[in-house]
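Please open the model in your viewer and keep the sequence panel beside it. The tour below moves from one selection to the next and says what is to be found at each stop.

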Amino acid sequence: QTLPGLVLCGGHTGKRGDVSDVWRLDLAALRWEPMPGLPTAVQSHACCAVRGALVVLGGRNQGNPTSSVELLSKGEDAFVALPPLSCGALYNAAAFAVDESDSALGQVLLLGGTVVNASGMTNTPPSSSMQLLDLATGVCTPQPHLRNAEYPFAAATLPDGRVICAGGIDPQFVDWTAARVYGPPEQGVTEFTETVWTWRALPSLNAARSMCCGCVMSD
């Protein structure tokens, strides 16, 4: 069985500022390998793998928020620009691929982050929005809001497709202890729609924290 690889894209470095390079760590050979770079340097963006392709969403370029969506298909030598986010520029969000097969290019769930309104002004406090993005059209369909506005928090997907989150910053920029899980009902309809997507509280963290990371591990 082939080991997966860890892909790092864009970001910020002390000497170069925002960068556009993309690297993959081959976990079998334990060697970093260059991949095709992003069209523009970006930081504070979201990324995820959708149907074997790398998708990079939103972020900031030299401080300017963007609504861009870029896709690198497996085996291709360049990113392709997809329709921009209809919800506007967004950064510091978390992105997760949705397990479905009905859309043309796939769907991504965007959680929290910082949004930019129609006038171009940054809504500095964290957002509580949850958007379901259709990659082929760029249309972001609002889902029931997160329990609280939040970023940057730890988030990961469970094997059944639900998303689990912990920590973060509230609108008053106070670290918090909440942990929660988001997902459709355990039985019945599984589509991501406003009538079925719900959240449930989990045991709180032992101490308030933000800018944390997390992952799901088996026993």
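Begin by selecting R16 and D21, whose side chains meet in a salt bridge with N and O 3.6 Å apart; the term stands for a side-chain nitrogen of Lys or Arg within 4 Å of a carboxyl oxygen of Asp or Glu. R16 is exposed at 55% relative accessibility, whereas D21 is partly exposed at 26%, where buried means under 20% relative accessible area, exposed over 50% and partly exposed in between, with a 1.4 Å probe and protein chains only.

Before going further, note that this is a predicted model, in which local features need pLDDT of at least 70 and side-chain atom pairs count only at pLDDT 80 or more, while totals for chains, interfaces and linings use all residues. Residues are numbered from 1 along each chain as its sequence is written, and side-chain values use heavy atoms, with hydrogens and water left out.

Next, select R31 and E33, which form a salt bridge whose closest N and O atoms are 3.3 Å apart. Both count as partly exposed, R31 at 46% relative accessibility and E33 at 26%. Add R24 to the selection, and you have a network of salt bridges linking R24, R31 and E33. How many salt bridges does the structure hold? There are 5 salt bridges, and another of them joins the side chains of R162 and D160, at 2.8 Å from N to O. Here D160 is exposed, with a relative accessible area of 51%, and R162 is partly exposed, with 22%.

With R162 still on screen, turn to the strands, which like helices are DSSP runs numbered from the N terminus (strands E, at least two residues; helices H or I, at least four). Colour β16, β17, β18 and β19, and an open sheet of 4 strands appears in that order, with antiparallel pairing; two strands pair if DSSP finds at least two bridges between them. β16 (154-157) and β19 (198-202) are the edge strands, and because each has a single partner strand, one side of each is left without a neighbour in the sheet. From one strand to the next the twist averages 20°, with axes taken as lines fitted to C-alpha atoms (for helices over the stretch in contact) and angles running from 0 to 180 degrees between N-to-C directions. β16 pairs with β17 (residues 163-166) in the antiparallel sense over 4 bridges, and T157 has V163 in β17 as its bridge partner.

Now move to another open sheet, whose 4 strands follow the order β4-β5-β8-β9 with antiparallel pairing. Its edges are β4 (46-50) and β9 (80-82), each with a single partner strand, so one side of each lacks a neighbour in the sheet. Neighbouring strands are turned by 25° against each other on average, direction ignored. Inspect β5 (residues 53-57) and β8 (residues 69-72), which run antiparallel and are joined by 4 bridges; the bridge partner of L57 in β8 is V69.

Finally, select the cysteines. The whole structure has 0 disulfides, a disulfide being a pair of cysteine sulfur atoms within 2.5 Å. Why is C47 without a bond to C9? The closest cysteine sulfur to that of C47 is the one in C9, and at 3.9 Å it is too far for a bond. C87 is likewise in no disulfide, the nearest cysteine sulfur, that of C140, being 3.3 Å away.
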